[in-house]
Amino acid sequence: RHTSVAEEVLQLALFNGQTSLENVLVSFESKLCGSDDYTFLLRELGNRGEHEKAIKCFQFAVRRERRKNEQGKLASAMISILGRLGKVELAMGIFETALREGYGNTVYAFSALISAYGRSGYYDEAIKVFDSMKNYGLKPNSVTYNAVIDACGKGGVEFKRVVEIFDEMLSGGVQPDRITFNSLLAVCSRGGLWEAAMNLFSEMVNRGIDRDIFTYNTLLDAVCKGGQMDLAFDIMEEMPANVLPNVVTYSTMIDGYAKAGRFNDALNLFNEMKFLGIGLDRVSYNTLLSIYAKLGRFEEALDICREMEGSGIRKDVVTYNALLGGYGKQGKYDEVRRLFDEMKAQRVSPNLLTYSTVIDVYSKGGLYEEAMDVFREFKRAGLKADVVLYSALIDALCKNGLVESSVSLLDEMTKEGIRPNVVTYNSIIDAFGRSTTSECLSDTGQICELQTKTSSLIIERGIEADATDGEDNRIIKIFGQLAAEKGGQAKKGCGVKQEILCILEVFQKMHELEIKPNVVTFSAILNACSRCDSFEDASMLLEELRLFDNQVYGVAHGLLMGYRENVWIQAQSLFDEVKSMDSSTASAFYNALTDMLWHFGQKRGAQLVVLEGKRRQVWENVWSNSCLDLHLMSSGAARAMVHAWLLNIRSIVFEGHELPKLLSILTGWGKHSKVVGDGALKRAVEALLTGMGAPFQLAKCNLGRFISNGPVVAAWLRESGTLKLLVLHDDRTHLENTRFQEISNLQTIPL
């Protein structure tokens, strides 16, 4: 509603400096048409980042405007503009002046300030301003509620608190609109609350509120973060009836598939984007590049880099981080060095994740002196270690058997005020018992003193090179210790019972810090059970852990003890939760559970668990009448599956059908083994087949494949003694379990 005069004044204001702006405004004062023209000037100056000129223009307009309501409109506009520019303190100053002079007592001024705080992440202040409205006799409107809900979302406020504000909105008779629901969906998106997001979307439909592209993209983000990729695909399929998917839609879906380990689905969507002529943005390029890097397809990753730069998008720190992580996982350390040097030469500043990635790569690759050098560079850059860097260091220590040092570093981390996360603790739990040379805790829970010689030369060189604080010296010492261990220094082991106490102590600490264990924690615990010397030790560990989570560890304990009939319903709900995880995490869970059961003679239970995993498609395309693919399974899961598969093809034979001419069992050739073709899984399956007298031989052209002729296997399956060999039994069975039923339903931590 502005006039052409306002546009002329804008050009003069932009051309002239601040000092002459007052003269321009005075000369055009009689021609400017009230608050509409001044609001236009404020907005356009703000859009061009000229906030100082905008404030000067606002002060001029307010002095000449006599009507309080018009002054209030100008104040609301100025606060909103400063909020968009991130100038929160200036916005607060305008608000306080307006309030003091009697024209700031409006819903719009309060709403603008709430929005300003929300945009900058100051959700506490936003809520305080919202609550203070009642003291001024103001009733929030839809703009106010939308602003405070948006502020809560940006500030990471719990969904429960946001729902309380939404309920207050409804009870006050204020009708939500599309912006309200989009803001609520954004809260769900940040926390991966896909079920709540779906409920909100359904309510939008029921209320007849239009959904825009932001609605769908935010819903998809929540559903993808919740791991529900099939549901996300269905939502995307329905979109064209209301709104066409855009580059953000595809980027969200591709990233979701990548995080779920479904790389082929992600790449198919990328091809669909190209077919539809949807141009990629920086996010989609980086996501795609990350996928190719994780798959080890570096030529295609570099092609994406070239295409990205050809479209005018330069490689940024996210691009380099993806390539560094990809090359690192493939053990291509020369490429990691080259890329790390290249990014600095291109003036792309490494961030905390860059340093964490490179230190992690070098540490896991045994390049400890290089890791030490990168850590020194990290400190010179003035960056502060965070949970990601500490977790990477702790994980490297754990994988090298230095559990004592990892626990010590964990203490150092908490003293620095850095809160560990579930990943940090999972590394430590998984490390216990992995090696006979692992360090341990004493019976009192204190760290045992490491009685080994270290490479003093490396340590002294590291400390002398850095005049840093004690924390940095400790990390340098740790790298020196790792280098010494690499040189062959030995460590004393400790008893299994002590390690069980360690695990319980770590778990207790997680509980105290309210860090929720996840399915990876559970898998690590089960792996620790499998490494116990006796059934009694494993049973004791699970029994103690039931105090923390009776559902999860109660299921594992019940199956171990042979109480399958009692716990199978509980097990089903646990399997339902695992279903929402990505495929690699779910596979690790089933592998760990079956390994533990098989290890302690609960072989029928192990088989039921592994068949449940097959039914739920944890391992894709694992089973056909002619082939059994075991290469993603642990040795316990694989052996249980071999028995089940042979029983299945036996039923085919006894139903009068012919078996395929060639039968195969794939184990993989053990690419991580010291001797090619001598993988642990292959050895376990070979021993099983030999022990049963099954007529399978190792294929000459494939070191990880056992083969046999269908008629030969059919003849063996018809033999009278074969069925007895194939049917598995548990060493321990309890049809009735009164003790298990008497145990109280303790407080649980959701998995």
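This passage describes a predicted model, taking in turn its sheet, its second largest pocket, its salt bridges and two residues of unusual backbone geometry.

The sheet is open and is formed by four strands in the order 1-2-4-3, with mixed pairing. Strand 1 and strand 3 (697-698) are the edge strands, each of them pairing on one side only. The parallel part of the arrangement involves strand 1, which spans residues 627-629, and strand 2, which spans residues 662-666, and the two are paired over three bridges. Within this pair, Leu628 has Ile665 of strand 2 as its bridge partner. Between these two strands the chain passes through helix 35 (residues 635-654), and the resulting β-α-β crossover is right-handed. Strand 2 is also joined to strand 4 (residues 705-709), in this case by five bridges and in the antiparallel sense. Here the bridge partner of Leu662 is Asn709, a residue of strand 4. As a general point about such elements, the side chains of a regular strand alternate between the two faces of the sheet.

Attention may next be turned to the pockets of the model. Rolling a probe the size of a water molecule over the atoms shows where empty space is left. For the second largest pocket, the volume comes to about 490 Å³. Its lining is made up of 24 residues, and those that lie nearest the centre of the pocket are Ser80, Ser111, Ser115, Arg119 and Val143. Two or more lining residues are contributed by each of helix 3 (34-47), helix 5 (68-84), helix 7 (107-119), helix 9 (142-155) and helix 11 (178-191). Of the elements that line this second largest pocket, helix 5 gives the most, with seven residues. In chemical character, the lining of the second largest pocket divides into nine nonpolar residues, nine polar residues and six charged residues.

The count of salt bridges in the model comes to 26. One of them joins Asp576 to Arg616, with the closest N and O atoms 2.8 Å apart. This pair links distant parts of the chain, since Asp576 belongs to helix 32 (residues 564-579) whereas Arg616 lies in the loop between helix 34 (603-615) and strand 1, at a separation of 40 residues. The two partners are described by different classes of accessibility: Asp576 is partly exposed, with a relative accessible area of 46%, while Arg616 counts as buried at 15%, because buried residues are those under 20%.

A salt bridge is also formed by Arg615 and Glu612, whose closest N and O atoms are 2.5 Å apart. Both residues lie in helix 34, where they are three residues apart, or about one turn of the helix. Arg615 is exposed, with a relative accessible area of 56%, whereas Glu612 is buried, with a relative accessible area of 8%. In a further salt bridge, formed by Arg43 and Glu44, the closest N and O atoms are 3.7 Å apart. Arg43 is partly exposed, its relative accessible area being 35%, and Glu44, at 15% relative accessibility, counts as buried. Apart from these pairs, a network of salt bridges links Glu309, Lys315, Glu335, Arg338 and Glu342.

Two loop residues remain to be described with respect to the backbone. Arg347 has a phi near 60 degrees, which is a positive value in a residue other than glycine. Arg347 is found in the loop between helix 20 (333-345) and helix 21 (352-364), and the relative accessible area of this residue is 77%, so that Arg347 is classed as exposed. For Gln617, phi is likewise near 60 degrees, again a positive value in a residue other than glycine. Gln617 is located in the loop between helix 34 and strand 1, the loop that also holds Arg616, the partner of Asp576. With a relative accessible area of 63%, Gln617 is exposed, whereas Arg616 counts as buried.

Note on methods. Residues numbered from 1 in each chain as written. Predicted model: local features only at pLDDT ≥ 70, side-chain atom pairs only at ≥ 80, totals over all residues. Heavy atoms only, no water. 1 Å grid on protein atoms, 1.4 Å probe; cavity = no way out; pocket = protein on both sides within 12 Å on 5 of 7 lines; lining within 4 Å. Points joined across faces, edges and corners; volume = space filled by probe spheres on them. Nonpolar A, V, L, I, M, F, W, Y, C, P; charged D, E, K, R; others polar. Pairing = 2+ DSSP bridges. Right-handed = clockwise from strand over helix to strand, strands pointing away. Salt bridge = Lys/Arg side-chain N within 4 Å of Asp/Glu carboxyl O. Buried < 20%, exposed > 50% of the residue type's maximum accessible area, 1.4 Å probe, protein only.
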